[in-house]
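Here are my notes for someone opening this structure for the first time. Have a look at the model, then go through the points in order.

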Amino acid sequence: MPVDEEAAWAAIVAGYGEEPPDPPGARPFRPIENLALPDPPDADDERSGREQPEADRPAPATPLGSSVSFAPGVGPAGAGPRDYTLREPSDDDFDEDDEGHFVPPEPPPLPEADTTAKFAWLGVVGGPVLLLVAVLLGWDMTWWLTTLCVGGFLGGVATLVARMNPGDDEDDDPGRGAVV
């Protein structure tokens, strides 16, 4: 069945500017200022002349116009995912099979660093920092400043590597598996 393109274009041009009729059952257009208001009762609604019971009344809508959209079941302000808090676990949550909630023991304090390690870290961190400060402030790079920066860094790294704990040399012991 051939389509008459000229007649189709003529119908489109003739209807330009006219609003097509609303489909059956569609609600009339409302401006955005009125979107938060409840819908007017339809003429074909069976309850249209009567007062709605309290349970059937729609909840008051919040004003629209925000770019934030919420997932179903999530309300606006104060009900976001960051407002959710877990309830505290109690002993009633566990069955007779459960052992309870694990609380790790307090870790032991870090050992106090000796003077040699403190000076080694001062050389590792202080050497490049002093070199950067000298470049940023435009100091003359004399031989002693360069030697202090580079030598401090290399000496600190060498000291820290030399003092490293060699670790456990007995890696072939099969009895050192997971401990429960």
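1. A word on terms before anything else: a residue is called exposed when its relative accessible area is over 50%, buried when that value is under 20%, and partly exposed in between. Glu96, at 74%, is therefore exposed. Keep in mind that this is a predicted model.

2. Now the overall layout. The protein chain has three helices and zero strands, so reading from the N terminus you get α-α-α. Helix H1 covers 5-14, helix H2 covers 115-137 and helix H3 covers 143-162.

3. How much of the chain is buried? Of its 180 residues, 6% count as buried. The accessible surface of the protein chain comes to about 16,900 Å², and carbon and sulfur atoms supply 61% of that. As for contacts with a separation of 6 or more, 41% involve residues 24 or more positions apart.

4. Back to Glu96, which sits in the loop between H1 and H2. What does Glu96 gather with on the surface? Its companions are Asp95, Asp97 and Asp98, and together the four make a patch of negative charge.

5. There is a nonpolar patch on the surface too. Its members are Trp121, Val125, Val129, Leu132, Val133, Leu136, Leu137 and Trp139, with about 820 Å² of accessible area together. Take Val129 as an example: this residue belongs to helix H2 and is partly exposed, with a relative accessible area of 45%.

6. On to charge pairs. Side chains of opposite charge can pair when their charged atoms come close. How many salt bridges does the model have? The count comes to two.

7. In one salt bridge, Asp114 meets Arg163, at 2.6 Å from N to O. Why might you want to look at this pair? Asp114 is in the loop between helix H1 and helix H2, while Arg163 is in the segment after helix H3, so the salt bridge ties together parts that are 49 residues apart in sequence. Asp114 is partly exposed at 34% relative accessibility, and Arg163 is partly exposed at 44%.

8. Glu112 and Lys118 form a salt bridge as well, with their closest N and O atoms 4.0 Å apart. Exposed or partly exposed: which is Glu112, and which is Lys118? Glu112 has 69% relative accessibility, so Glu112 counts as exposed. Lys118 has a relative accessible area of 47%, so Lys118 is partly exposed.

Key: Residues are numbered from 1 along each chain as its sequence is written. This is a predicted model: local features need pLDDT of at least 70, side-chain atom pairs count only at pLDDT 80 or more; totals for chains, interfaces and linings use all residues. Side-chain values use heavy atoms; hydrogens and water are left out. A salt bridge is a side-chain nitrogen of Lys or Arg within 4 Å of a carboxyl oxygen of Asp or Glu. Buried means under 20% relative accessible area, exposed over 50%, partly exposed in between (1.4 Å probe, protein chains only). Helices (H or I, at least four residues) and strands (E, at least two) are DSSP runs, numbered from the N terminus. Patches are made of residues with over 30% relative accessible area and no salt bridge: like charges are joined within 9 Å, nonpolar side chains (Val, Leu, Ile, Met, Phe, Trp, Tyr) within 5 Å. Accessible areas come from the Shrake-Rupley method with a 1.4 Å probe; for residues, only the protein chains shown count as cover. Lys and Arg count as positive and Asp and Glu as negative; His and the chain ends are not counted. The place of a charge is taken as NZ of Lys, CZ of Arg, CG of Asp or CD of Glu. Contact means heavy atoms within 4.5 Å.
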